[in-house]
Amino acid sequence: MRLPRSGAGWTIAVFGALAVLLGALGLIWPEAQLRMLGFEVPAERAAGDYTGTFLTASSMASFNMGVYYLLAAATEWRVFYRFTVWFRLVTFTVFSITVLTGVAPGRFFSVAAWEGLGAVATAAGLWWDGRRAGSAPAVEGGTVGSGPVPATDAVS
């Protein structure tokens, strides 16, 4: 696996790695994940309580999404980076509303904050990368400094 080659790529890679790890945690030890999020873990579940089923689906989705993010970081897929900024802001908004309306416990706001801060970090990384690529003096064979940052959306 290639390491990210840009600031924005690193934000995507960190989020991807954490999504894989937290998804795996939810699949292996669901009670720990529920406690981390502030949800109750009763000794027994009532008939018709599909919390376990939903947590399995959410954890598998997190695991898969983490793999997608890691792939995007390894290939420096900048269109994906920009796409995630907007949709993570939407996720921040929806998750915040669930806490504010009492649908989710207050500790669940940490998930909303993670999404919002991640979106801002990736947006800042994109801005920084663009600034760095635009200000580096051109030399034969590339740019001066730590190496070129892809300015296009092509996958290398």
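Glu-76 is buried, with a relative accessible area of 0% (buried means under 20%, exposed over 50% and partly exposed in between, using a 1.4 Å probe and protein chains only). Its partner in a salt bridge is Arg-78, at 3.2 Å from N to O, and Arg-78 is buried too, with a relative accessible area of 6%. This is a predicted model, where local features need pLDDT of at least 70 and side-chain atom pairs count only at pLDDT 80 or more, while totals for chains, interfaces and linings use all residues. Residues are numbered from 1 along each chain as its sequence is written, and side-chain values use heavy atoms, with hydrogens and water left out.

**Salt bridges**

- Side chains of opposite charge can pair when their charged atoms come close.
- A salt bridge here is a side-chain nitrogen of Lys or Arg within 4 Å of a carboxyl oxygen of Asp or Glu, and the structure holds 4 of them.
- Glu-76 and Arg-78 don't stand alone: together with Asp-129 they are linked in a network of salt bridges.
- Glu-115 pairs up with Arg-88, and their closest N and O atoms are 2.9 Å apart.
- That pair ties together distant parts of the chain, as Glu-115 sits in helix H5 and Arg-88 in helix H4, 27 residues apart.
- Glu-115 and Arg-88 are both buried.
- Arg-45 and Asp-49 also meet through their side chains, at 3.1 Å from N to O.
- Here the picture is one of partial exposure: Asp-49 has a relative accessible area of 29%, and Arg-45 has 37%.

**Overall layout**

- The protein has 5 helices and 2 strands, which are DSSP runs numbered from the N terminus (H or I with at least four residues for helices, E with at least two for strands).
- Reading from the N terminus, the order is α-α-α-α-α-β-β.
- Of the 156 residues, 31% count as buried.

**Helix H1 and the nonpolar patch**

- H1 has 22 residues and reaches 32 Å from its first C-alpha to its last, close to the expected 32 Å (that's 1.5 Å times one less than the number of residues).
- Plenty of H1 is tucked away, with buried residues including Gly-9, Ile-12, Phe-15 and Val-20.
- H1 (residues 7-28) also gives the most to a nonpolar surface patch, with 5 residues.
- The patch covers about 750 Å² and is made by Leu-3, Trp-10, Val-14, Leu-18, Leu-21, Leu-22, Met-36 and Trp-114.
- To join a patch, a residue needs over 30% relative accessible area and no salt bridge; nonpolar side chains (Val, Leu, Ile, Met, Phe, Trp, Tyr) are joined within 5 Å, and like charges within 9 Å.
- The areas come from the Shrake-Rupley method with a 1.4 Å probe, and for residues only the protein chains shown count as cover.
- Trp-114 comes from helix H5 (residues 109-135), and Trp-114 is partly exposed, at 35%.

**The largest pocket**

- A pocket is an open set of points on a 1 Å grid over the protein atoms alone, where a 1.4 Å probe fits, with protein on both sides within 12 Å along at least five of seven lines.
- The largest pocket holds about 940 Å³ of space, a volume filled by probe spheres set on the points, which are joined across faces, edges and corners.
- Its lining has 31 residues, and Ser-58, Ser-62, Phe-95, Phe-108 and Val-111 lie nearest the centre (a lining residue has an atom within 4 Å of a point).
- H1, H2 (30-36), H3 (51-75), H4 (78-100) and H5 each give two or more residues to that lining.
- H3 gives the most, with 9 residues.
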